[in-house]
Amino acid sequence: MLEKFLTYLGIYLLACLKSILPPLLGPAAGMSPLEIIIITMAGLMTSVVLFSFLGEKIKKNVLPIFIRKKGKFSPQSRRMVRIWTKYGIIGTCFLTPLILSPVGGSLLVSTVGAPRKQVFFYMFIFGLFWSIVWTFSVDWLIDLGLINSR
């Protein structure tokens, strides 16, 4: 029982960082597709909620500890601004599980001042979409024999 709980907890914590990991690791852990989707969504939404509320404080208080040089226009910040201006809130939320990671997307939308209700709604919708696509894609690849689930 404890081993199963620790497996779920580990996959959940990985989902907080990158939402593609539960669909890849879930079948090896013996999880059903529904369990994988639920854990993926729980991890994604935990990161979104946490970093939406704490995003500005993290940017102001924590990042300067790790980043000594205070440059406003780094290549990464330019890329984030380009994504935001090109795609807006819907596009950023669509790309977050795919490219940015829940942490990166949440920090991006919180620092540009997007409305939290919209962020939570769109992140949930697109997170659910991507978790279903990834879960059943991996399931399909396992059925074809291209991926070994053990």
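Cysteine 16 sits on the buried side of the divide, at 12% relative accessibility. In this predicted model, cysteine 93 is buried as well, with a value of 0%. Burial aside, the two do not bond to each other: the sulfur of cysteine 93 has its closest cysteine sulfur in cysteine 16, and at 17 Å that is too far for a bond. A disulfide would need the two sulfur atoms within 2.5 Å. The tally for the structure is accordingly zero disulfides, and cysteine 16 takes part in none.

Aromatic rings are another story, with eight pairs in the structure. Take phenylalanine 94 and tryptophan 130: their ring centres are 5.3 Å apart and the planes meet at 50 degrees, so this pair is classed as tilted. The label follows because tilted covers whatever is neither under 30 degrees (stacked) nor over 60 (edge-to-face). This pair also ties together distant parts of the chain, with phenylalanine 94 in helix 4 (residues 75-100) and tryptophan 130 in helix 6 (residues 116-144), 36 residues apart. As for exposure, phenylalanine 94 is partly exposed at 30% relative accessible area, whereas tryptophan 130 is buried at 12%.

Phenylalanine 121 and tyrosine 122 make up another of the pairs, again with ring centres 5.3 Å apart, but here the planes are at 65 degrees and the pair is therefore edge-to-face. Both residues are partly exposed: phenylalanine 121 has a relative accessible area of 48%, and tyrosine 122 comes in at 22%. The rings just described belong to a cluster joined by ring pairs, made up of Phe94, Phe121, Tyr122, Phe126, Phe129, Trp130 and Trp134.

Zooming out, the protein chain has six helices and zero strands, so read from the N terminus the order of elements is simply α-α-α-α-α-α. Its C-alpha trace spans about 50 × 35 × 30 Å along the principal axes. Of the 150 residues in the chain, 36% are buried. Contacts between residues at least 6 apart in sequence lean towards long separations, with 75% of them joining residues at least 24 apart.

On the outside, the accessible surface of the chain amounts to about 9,400 Å², and carbon and sulfur atoms account for 69% of that area. Charge is unevenly split, with 16 positive against 5 negative, and the mean positions of the two sets lie 24 Å apart.

Key. Residues are numbered from 1 along each chain as its sequence is written. This is a predicted model: local features need pLDDT of at least 70, side-chain atom pairs count only at pLDDT 80 or more; totals for chains, interfaces and linings use all residues. Side-chain values use heavy atoms; hydrogens and water are left out. Rings of Phe, Tyr and Trp (its six-membered ring) pair if their centres lie within 6.5 Å; planes under 30 degrees apart count as stacked, over 60 as edge-to-face and the rest as tilted. Helices (H or I, at least four residues) and strands (E, at least two) are DSSP runs, numbered from the N terminus. Buried means under 20% relative accessible area, exposed over 50%, partly exposed in between (1.4 Å probe, protein chains only). Contact means heavy atoms within 4.5 Å. Accessible areas come from the Shrake-Rupley method with a 1.4 Å probe; for residues, only the protein chains shown count as cover. Lys and Arg count as positive and Asp and Glu as negative; His and the chain ends are not counted. The place of a charge is taken as NZ of Lys, CZ of Arg, CG of Asp or CD of Glu.
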